[in-house]
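Please look through the structure below with an eye to how its interior is put together. The account that follows starts from the core and then turns to one of the helices that line up around it.

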Amino acid sequence: MNIDDIARLVLRKRGNMGVRAAAKEIGISPTTLTRIEKGNVPDVGTLEKLCSWLGEEPAQFTGVGTLQIAFKNKKTVSPRTAKSLAKLIEKASEQFAQHVDTKGH
């Protein structure tokens with residue numbers, strides 16, 4: 001799954017439940033829920049609440065190695081770009097850890 005699947009899953013689980021009732025159950029505002037259902041990508045905190053409500057792990061939507069990524073506005077950065085950035089950061093982190101280990105710091 002990827003982050004774009006969130007809207008579909010939320011709409012399916014919400015079913016006939018009203019937006020306000022579902023948002024209250026999730027712990028977010030009705031406006032935020034409406035935006036997510038229209039395809040906007042949630043921030044990390046909202047994603048965690050949604051995943052808890054859906055019974056899903058956030059990493060399956062945003063995971064790249066041990067990193068998690070989420071961008072509020074999907075029009076700014078494509079999922080492909082986001083994953084590439086996460087891989088770059090993960091690689092840099094690995095190299096930094098190796099450098100620290102070899103220097104004894």
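In this predicted model, the largest nonpolar core has 17 residues, and among these Ile6, Val10, Ile28, Leu33 and Leu50 touch the most other members. At least two residues of this core come from each of α1, α2, α3 and α4, and α4, with 5 residues, gives the most.

Two of those well-connected members, Ile6 and Val10, belong to the buried residues of helix α1, which spans residues 6-14 and also buries Ala7, Leu9 and Arg14. These buried positions lie on the same side of α1, because the arc that they cover around the axis is only 165°. The underlying reason for such a pattern is general: an α-helix has 3.6 residues a turn, so residues three or four places apart point the same way.

What do the buried residues of α1 pack against? Their partners are α2 (19-26), α3 (30-37), α4 (44-54) and α5 (59-62). Ile6 gives a residue-level view of this packing, since, once its neighbours within four places in sequence are left aside, Ile6 is in contact with Ile36, Leu47, Leu50 and Phe61.

After α1 comes Gly15, a residue whose phi is positive, near 55°.

Aromatic rings enter the picture in another way: the count of aromatic pairs comes to 0, yet the ring of Trp53 has the charged end of Lys13 sitting over it, 4.8 Å from the ring's centre.

Conventions
Residues numbered from 1 in each chain as written. Predicted model: local features only at pLDDT ≥ 70, side-chain atom pairs only at ≥ 80, totals over all residues. Heavy atoms only, no water. Buried < 20%, exposed > 50% of the residue type's maximum accessible area, 1.4 Å probe, protein only. Helix = DSSP H or I, 4+ residues; strand = E, 2+ residues; numbered from the N terminus. Arc of directions from axis to C-beta. Contact = heavy atoms within 4.5 Å. Core = buried A, V, L, I, M, F, W, Y, C linked by side-chain atoms within 4.5 Å. Phe/Tyr/Trp six-rings, centres within 6.5 Å; stacked < 30°, edge-to-face > 60°. Lys NZ or Arg CZ within 6 Å of the ring centre and 35° of its normal.
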